[in-house]
Amino acid sequence: MMAIDLKGIVSRRKFMTGAAAFLGALGAAFAAVPFIKAMSPTKDILAAGVQEVDISTLREGELRTIIWRKQPVFILRRTPAMIEEASLISPATLADPAAPDERAVDPGLFVSIGICTHLGCIPQFRKAVPETGVAGFYCPCHGGKYDSIGRRLGGPPPENLRLLPYRVEGQTLILGTERFGGYGENVRKIQDLPAI
């Protein structure tokens, strides 16, 4: 009687099982690609993250509020007095310490997301914020106080106003990037922003 070598048959079966599993996984991966692409933002959505604003008519001391990605954005042309006021505040005395050069690329222009970091109200610009005497932002909902570069001076807000990436080309302010989401990114220092 002739002996049958089962060892070779078993290994062939394992090979066929492994090959079928590999091909099945490969097919599933190719089938998933269109679904994953469908969930990614389209090119027009990504392009909507970048917005140009004409700041040629923005005067010293004037605040302009625009809507970017459905969020209010403050654009403040700071006066020399505002710049000096902010420079006199020691970052070490602040709850969310930040030096002026960590809050504005150009000292004469401040750009931030206009949402209070306490409960999401929209602060108002004041020439003299109550109880501080400096120019800045005051939240009417619960009394949050910020200076002219959005640093928290008092009240319930836990943090400074949040920043967004921008650059200036001539008299045009270019806001945002394709991937930067805004308030939820929680960026409070210029150095932590993505390049634009």
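This report walks through two sheets, the cysteines, the main nonpolar core and two unusual backbone spots. Keep in mind that the model is predicted.

## The three-strand sheet

Let's begin with the open sheet made of three strands, whose order is β1-β10-β9 and whose pairing is antiparallel. Strands β1 (51-54) and β9 (166-169) stand at the edges with a single partner strand each, so one side of each has no neighbour in the sheet. Going from one strand to the next, the twist averages 25°. As general background, strands of a sheet pair through backbone hydrogen bonds, and the pairing can be parallel or antiparallel.

Now for the pairings themselves. β1 meets β10 (residues 172-175) in the antiparallel sense, with four bridges between them. If you want to trace that pairing by eye, look for valine 53, whose bridge partner in β10 is leucine 173. Glutamine 51 is another handle, as it stands opposite leucine 175 in β10.

On the other side, β9 and β10 also run antiparallel, joined by four bridges. Here glutamate 169 stands opposite threonine 172 in β10. β9 and β10 form a hairpin with two residues between them, and glycine 170 in the turn has a positive phi of about 65°.

## The four-strand sheet

There is also an open sheet of four strands, with antiparallel pairing and the order β5-β6-β7-β8. Its edge strands are β5 and β8 (152-154), and each of these pairs on one side only. The twist here averages 35° from one strand to the next. Within this sheet, β7 and β8 run antiparallel and are joined by two bridges. One spot to look at is lysine 145, which has glycine 154 of β8 as its bridge partner.

## Cysteines, bonded and not

How many disulfides does the structure hold? The count is one. This disulfide joins cysteine 121 to cysteine 141, with an S to S distance of 2.1 Å. The link between cysteine 121 and cysteine 141 is left-handed, with -105° about the S-S bond. Cysteine 121 sits in the loop between β4 (109-113) and β5 (124-126), while cysteine 141 sits in the loop between β6 (136-138) and β7 (145-147), so the pair ties together parts that are 20 residues apart in sequence.

Then there is cysteine 116, which is in no disulfide; the nearest cysteine sulfur, that of cysteine 139, is 3.8 Å away. Why is there no bond from cysteine 139 to cysteine 116? Because the sulfur of cysteine 139 is 3.8 Å from that of cysteine 116, which is too far for a bond; the cut-off for a disulfide is a pair of sulfur atoms within 2.5 Å.

Here is how these four cysteines fare for burial.

| Cysteine | Relative accessible area | Class |
|---|---|---|
| Cysteine 121 | 18% | buried |
| Cysteine 141 | 38% | partly exposed |
| Cysteine 116 | 1% | buried |
| Cysteine 139 | 2% | buried |

## The nonpolar core

The largest nonpolar core has 34 residues. The ones with the most contacts inside this core are Val73, Ile75, Leu109, Val111, Leu164, Leu173 and Leu175. Several elements chip in: β2 (63-68), β3 (71-77), α3 (80-87), β4 and β10 each supply at least two residues of this core. You have already met Leu173 as the bridge partner of valine 53, and Leu175 as the residue opposite glutamine 51.

Which residues does leucine 109 touch, leaving aside its neighbours within four places in sequence? Leucine 109 is in contact with Ile55, Leu58, Ile75, Leu76, Arg77, Ala104, Tyr166, Val168 and Leu173.

## Two backbone oddities

Last up are two residues worth a look for their phi angles. Arginine 69 has a positive phi of about 50° although this residue is not a glycine. You'll find arginine 69 in the loop between β2 and β3, and at 29% relative accessibility arginine 69 counts as partly exposed.

Asparagine 186 has a positive phi too, of about 55°, although asparagine 186 is not a glycine. This asparagine 186 lies in the segment after β10. With a relative accessible area of 31%, asparagine 186 is partly exposed.

Definitions and conventions
Residues are numbered from 1 along each chain as its sequence is written. This is a predicted model: local features need pLDDT of at least 70, side-chain atom pairs count only at pLDDT 80 or more; totals for chains, interfaces and linings use all residues. Side-chain values use heavy atoms; hydrogens and water are left out. Two strands pair if DSSP finds at least two bridges between them. Axes are lines fitted to C-alpha atoms, for helices over the stretch in contact, and angles run from 0 to 180 degrees between N-to-C directions. Buried means under 20% relative accessible area, exposed over 50%, partly exposed in between (1.4 Å probe, protein chains only). A nonpolar core is a set of buried Ala, Val, Leu, Ile, Met, Phe, Trp, Tyr and Cys residues joined through side-chain atoms within 4.5 Å. Contact means heavy atoms within 4.5 Å.
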